[in-house]
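Visitor: I should like a close look at a single part of this model. Please choose one helix, set out what it meets, and then follow the chain to the loops that can be related to it.

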Amino acid sequence: NKIADYYNHNTFNSGNTYNAHPIGCAVAVACINIYESDNLINNAAELGVILSRELNEIKFKHISIGAVRSIGLFGAIEFVKNGDEMLVPLNANAEELRPMLALKNHLLEKGLFVNINWNILLIIPPLCISQSQLLSGLKLIDEAINIIDEYITQQQ
């Protein structure tokens with residue numbers, strides 16, 4: 001009890017494996033070195049300009065796109081119906097998610113991994129992607145968005 005009572009008013013200072021641990025820090029330094037040696041940050045900045053431009057071009061081709069946005073190589077396409085209503089509501093059920101899942105599954109069948117979050121298609125390629133790979137993936141996305149456009153047309 002004497003030892004337990006001591007810690008009711010005092011702190012036991014010790015190291016933590018999750019906070020500034022030498023192994024975790026070594027991994028972080030190794031990652032930073034790879035980012036630099038493989039020029040990943042500059043690649044993301046340069047290709048981010050292309051991603052932004054291409055997303056804006058795609059936006060004007062499709063009735064289902066309400067907004068596009070990106071920063072670096074992190075992009076998003078927001079799908080709407082009736083001009084501004086979210087295509088898929090927050091906390092959507094399986095039926096409401098059907099058009100977005102159809103889009104995602106179509107892209108997976110073509111070999112392109114994407115993620116969806118309700119009515120948003122997330123485009124998050126690896127930082128080592130090449131310009132031709134990025135453009136190829138965006139072409140697949142552009143074509144696949146016809147699935148959403150057709151869904152909206154049928155709903156009207």
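Guide: The account below begins with helix α6 and its partners and then turns to three loop or segment positions. The model is predicted, and what is said here applies to that prediction.

Helix α6 covers residues 146-155, and its axis comes within 5 Å of the axis of helix α5, residues 131-144. The two axes cross at roughly 15°. Since an angle under 35 degrees counts as roughly parallel, α5 is therefore roughly parallel to α6. On the α5 side, the residues that meet α6 are Asp-142, Glu-143 and Ala-144; on the α6 side they are Asn-146, Ile-147 and Ile-148. Sorted by class, this contact of α5 with α6 holds three nonpolar residues, one polar residue and two charged residues.

The second helical partner is α4, residues 94-109, whose axis comes within 9 Å of that of α6 and crosses at roughly 155°. An angle over 145 degrees counts as roughly antiparallel, and α4 and α6 are therefore roughly antiparallel to each other. The crossing in which α4 passes α6 is right-handed. From α4, the contact draws on Arg-98, Pro-99, Met-100, Ala-102, Leu-103 and His-106; from α6, it draws on Ile-147, Ile-148 and Tyr-151. By class, seven nonpolar residues, one polar residue and one charged residue make up the contact of α4 with α6. Ile-147 and Ile-148 thus appear in the contact with α5 and also in the contact with α4.

Which residues of α6 are buried? They are Ile-148, Asp-149, Tyr-151 and Ile-152. Viewed down the axis of α6, these buried residues fall within an arc of 160°, so they line one face of the helix. An α-helix has 3.6 residues a turn, so residues three or four places apart point the same way. The buried residues of α6 pack against strand β2, residues 74-81, as well as against α4 and α5.

Beyond the helix, Gln-156 lies in the segment after α6. Its relative accessibility is 64%, so Gln-156 counts as exposed. The C-alpha atom of Gln-156 is separated by 17 Å from that of Pro-89, a residue 67 places away along the chain.

Pro-89 belongs to the loop between β3, residues 85-86, and α4, the latter being one of the elements against which the buried residues of α6 pack. With a relative accessibility of 31%, Pro-89 counts as partly exposed. Apart from its neighbours within four places in sequence, Pro-89 is in contact with Glu-96 and Trp-118. Between Pro-89 and Asn-8 the sequence separation is 81 residues, and their C-alpha atoms are 49 Å apart.

Asn-91 is also placed in the loop between β3 and α4. Its relative accessible area is 66%, and Asn-91 is therefore exposed. Most residues other than glycine have a negative phi. Asn-91, however, has a positive phi near 55°. Another non-glycine residue with a positive phi is Asn-39, where the value is near 60°. Asn-39 is found in the loop between α2, residues 22-37, and α3, residues 40-59, and at 37% relative accessibility Asn-39 counts as partly exposed.

Conventions: Residues numbered from 1 in each chain as written. Predicted model: local features only at pLDDT ≥ 70, side-chain atom pairs only at ≥ 80, totals over all residues. Heavy atoms only, no water. Axes fitted to C-alpha atoms, helices over the stretch in contact; angles between N-to-C directions. Helix = DSSP H or I, 4+ residues; strand = E, 2+ residues; numbered from the N terminus. Parallel < 35°, antiparallel > 145°, perpendicular 65-115°, else oblique. Contact = heavy atoms within 4.5 Å. Nonpolar A, V, L, I, M, F, W, Y, C, P; charged D, E, K, R; others polar. Left-handed = near helix turned anticlockwise from the far one by under 90°. Buried < 20%, exposed > 50% of the residue type's maximum accessible area, 1.4 Å probe, protein only. Arc of directions from axis to C-beta.
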